Structure formats: C-alpha cells, structure tokens
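Thanks, everyone. I'll take the open space first, then the enclosed space, then one helix and one residue.

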Amino acid sequence: MNHKEIVIRKMIEGDWDDVREIFIEGIQTGNATFQTEAPTWEEWDASHTAKCRFVATFKEKVVGWAALSPISSRKAFSGVAEVSIYLYGSSTGMGIGGKLLKHLIEDSEQQGFWTIQSMIFPENEGSIHLHRKHSFEIVGTRKKIGKLNGVWRDVVLLERRSFLTGKD
C-alpha cells in the first residue's frame, strides 16, 4: 500500500453511514467501547466537539475515523478532550491509525486543546501501543470502571499533554 493513498480529511455528516459501520464493528469486538449500540448521527454529533473530526480514506473509501469529546463542561477543562479512534479491522497494521492519530493531535493543538486522553481496555493492546507511539503516557488503570454486557471492565487511562498549547 502506498501511504499517499491514505487521505485524512474533515468528517462530514455524509460520512456517518461509514463511521457508524466502523463503530459497530468496534462494538462487536468487545474491546473498543462500553457502548453496546451505535448512536444516531444526532446523538453522536451532540457528544463530540464540532472541531477535530476526521476520517481516513483509502482509495476514496472511509476506513477509519477519529474525533474528540469534551471531558467536562467546566471552563477550566475546555482544553481537555477524550479521543475516539476506530478503524475497520481489515485496515489495522497499515499505518492508517498512526496517520489519523497524528493528524488529530496536530489539529487538536491548533484548536487549543492542551491535553487529550484515551480510556482503552487493557486487552486492546494495539490501541495502547498506537497511543504510546504518539507520546501518550499511561496515567494508570481504572479498575472495574464500568460494566460491559454484565462484566466489570478495567480501562487504561492514557493522556498526552501538548508540547505547543497551554504553555503559559
């Protein structure tokens, strides 16, 4: 695969069917999210920042997406957000996740975010590795933070503090 064929662009509402399909595939793995159903576009749109939403395309087909969600409505935390990044399972290992996350990080800094974080199931070693490669540090493990299908699950909390934004 030629990495020049991977295009990262702003997500638009018209991408929702593909984004939703990728999200559903993530749900089905049992190691991507606590959600058990994909939201509607309206629900998803309301829960994610209007900035920092991207899709990765390969040969003009959406193969992954990334977006930020605010962690709090408090002004003091306005520059802190949670990362969501999902790829089709068939697209892993091709560098798409790295390119998508790098783009999200760069744009988040331009948009004034000073810390971005991810909560990842410990079993999702690929995602943890991807985040660590992009300067995310493990803060710790949140033990039995929530139930998924009746089973208590841990998450590894990772965060990345910007080297550019929030330096004052």
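A definition before the first number: a pocket here is an open set of grid points with protein on both sides within 12 Å along at least five of seven lines. One caution as well: this is a predicted model.

So, the largest pocket. Its volume is about 1,100 Å³. The lining takes in 44 residues. Nearest the centre lie Ala32, Ile85, Tyr86, Asn124 and Ser127. Which elements give two or more residues to that lining? The helices are α1 (16–29), α2 (41–47), α3 and α4. The strands are β3 (61–70), β4 (80–87) and β5 (115–120). By class, the lining has 23 polar residues, 18 nonpolar and three charged.

Next, the enclosed space. How many cavities of 30 Å³ or more does a search of the whole structure find? One. The largest cavity has a volume of about 30 Å³. Its lining consists of Ser108, Glu109, Phe113, Trp114, Thr115, Ile116, Arg160 and Ser162. Two elements, α3 and β5, each give two or more residues to this lining. The classes here are three nonpolar, three polar and two charged.

Helix α3 has now come up for the pocket and for the cavity. Let's look at it directly. The helix covers residues 96–110, 15 residues in total. From first C-alpha to last it reaches 21 Å, close to the 21 Å expected at 1.5 Å a residue. Which residues of α3 are buried? Ile96, Gly97, Gly98, Leu100, Leu101, Leu104, Ile105, Asp107, Ser108 and Glu109. Ser108 and Glu109 you have already met in the cavity lining. Just after the helix, Gly112 takes a positive phi of about 95°.

Last stop, Phe136. Where does Phe136 lie? In the loop between α4 (125–133) and β6 (137–148). Buried or exposed? Phe136 counts as buried, because its relative accessibility is 1% and the cut-off for buried is under 20%.

Now its contacts, leaving aside neighbours within four places in sequence. Phe136 touches Leu101 and Ile105, both among the buried residues of α3. It also contacts Ile116 and Arg160, and those two help line the cavity. The rest of the list is Val83, Gln117, Ser118, His131, Leu158 and Glu159.

One distance to finish. Phe136 and Thr29 are 107 residues apart in sequence. In space they are 23 Å apart, C-alpha to C-alpha.

That's my tour. Over to you for discussion.

Methods
Residues numbered from 1 in each chain as written. Predicted model: local features only at pLDDT ≥ 70, side-chain atom pairs only at ≥ 80, totals over all residues. Heavy atoms only, no water. Helix = DSSP H or I, 4+ residues; strand = E, 2+ residues; numbered from the N terminus. Buried < 20%, exposed > 50% of the residue type's maximum accessible area, 1.4 Å probe, protein only. Contact = heavy atoms within 4.5 Å. Expected span 1.5 Å × (residues − 1). 1 Å grid on protein atoms, 1.4 Å probe; cavity = no way out; pocket = protein on both sides within 12 Å on 5 of 7 lines; lining within 4 Å. Points joined across faces, edges and corners; volume = space filled by probe spheres on them. Nonpolar A, V, L, I, M, F, W, Y, C, P; charged D, E, K, R; others polar.
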